[in-house]
Amino acid sequence: MLANLNLGDGQNLGTASGKIALDCSVRETRQGNFVISTTDFFFPLVDSPYLQGRIGAANVLSDLYAEGVEHCDFVLMLLAACREMPTSEREICTAEMVKGFRDACDEAETAITGGQTVLNPWPIIGGVATSVVAKGEFVPSDGAQAGNVVVLTKPLGTQIAVNVHQWRNTAGDKHWKQIVDDKVITEEQAEEMMHQAVCSMARLNRNGGRLMLKHGAKACTDVTGFGILGHAQNLMENQVAEVGVELHTLPLIAGTKAVNDQVFNFRLTIGYSAETSGGLMVCLPPDQAEAYMNAVKEADGTESWIIGRVVEDANRKAKIVDNVEYLEV
């Protein structure tokens, strides 16, 4: 649909067509610098309005970090307060969302300088993140080369973890009943699954982004609503070289594969389960991948994984190999 609307002017950098951006709009200014900007927002998927705000900020900032940018110069906050709530609850909920968003921005060492607030049937939070950089201070997202390895900085499965949490807390839910009756996972495992998902979603991708330039990254995207295979396909279609990607390893939050296979098919194992504030999927020279992962672990205290390889492919296809390895983490 959008392809027929002729959006963009061909001047976006780091995109194959120069039109609609992959993660961020990257524009050269008249003064010779580059403005990198992005926008995103999301609806409630956690119980805590504070955490919703924090995840909302992490989610919008992630697109900047996928360009190898370390510093966000400013953020505009997009906020919808829930008009269906009683006034006292709306004030508490909205204030907590804003606090969470602000705290994540403080951690990112950026400032909220404005935005827009509306009343809405349900609460929403997000923003616009902008960075102004010089040439060489970011990684264009179109430089992947055959022989690169692909690294992922967060595990998959947040959509399933969130849904299991909702099922578990909904009286008489048929999916949770099946989980209990069939002993798919225990209640303790469901709790830990949600904890891991929230920790992952709330963690900034800042360190993964700032380390990209140092380790020679050639292209990157973050894994969100299209699932890992969807975003891998978008990334390959955006490359200058005729390349594709083969994914051989999928790191999954423990327990999510069992739920996907036995209770409800979120298409996790075929790469299309949506993620919120997911990890960076970075194309790196093979001699830099381990050093990059070690540096991210030192900075964040979390694991990354080599999940695939970039290959020559005139059709620019992303695929999961037949003998893919599923890692429960």
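Buried here means under 20% relative accessible area. By that cut-off, both faces of strand β9 in this predicted model are covered. Leu-280, Val-282 and Leu-284 are buried on one side, and Met-281 and Cys-283 are buried on the other. In a regular strand the side chains alternate between the two faces of the sheet. Five of the five residues of β9 (residues 280–284) are buried, so the strand is largely enclosed by the rest of the structure.

**Pairing around β9**

β9 pairs in the antiparallel sense with strand β6 (residues 149–152) and also with strand β7 (residues 219–222). Each of the two pairings is listed below with one bridge.

| Strand pair | Sense | Bridges | One residue pair |
|---|---|---|---|
| β6 (residues 149–152) and β9 | antiparallel | four | Val-150 and Cys-283 |
| β7 (residues 219–222) and β9 | antiparallel | four | Asp-222 and Leu-280 |

**The five-stranded sheet**

An open sheet with mixed pairing is formed by five strands in the order β1-β2-β5-β3-β4. Its edge strands, β1 (25–28) and β4 (112–120), each pair on one side only. On average, neighbouring strands of this sheet are turned by 15° against each other, direction ignored. Within the sheet, β2 (residues 34–42) and β5 (residues 124–133) run antiparallel and are joined by nine bridges. One residue of this pairing is Phe-41, whose bridge partner in β5 is Gly-126.

Two helices are placed against these strands. Helix α1 (residues 49–65) lies across β2, β3 (74–82) and β5, and runs at about 145° to β2. Helix α2 (residues 87–107) packs on the sheet and touches β3, β4 and β5, its direction making about 160° with that of β3.

**Aromatic rings**

The count of aromatic pairs is five. Phe-41, the bridge partner of Gly-126, also belongs to a cluster in which ring pairs link Phe-41, Phe-43 and Trp-122.

**Nonpolar cores**

The largest nonpolar core has 76 residues. Leu-61, Val-164, Ile-179, Ile-228 and Val-259 have the most contacts inside this core. Not counting residues up to four places away in sequence, Val-164 touches Trp-176, Ile-179, Ile-185, Ala-190, Met-193 and Val-259. A second, separate core has 16 residues, including Ala-66, Val-149, Leu-284 and Ala-289. Leu-284 of this second core is one of the buried residues of β9.

Conventions:
Residues numbered from 1 in each chain as written. Predicted model: local features only at pLDDT ≥ 70, side-chain atom pairs only at ≥ 80, totals over all residues. Heavy atoms only, no water. Pairing = 2+ DSSP bridges. Axes fitted to C-alpha atoms, helices over the stretch in contact; angles between N-to-C directions. Contact = heavy atoms within 4.5 Å. Phe/Tyr/Trp six-rings, centres within 6.5 Å; stacked < 30°, edge-to-face > 60°. Core = buried A, V, L, I, M, F, W, Y, C linked by side-chain atoms within 4.5 Å. Buried < 20%, exposed > 50% of the residue type's maximum accessible area, 1.4 Å probe, protein only.
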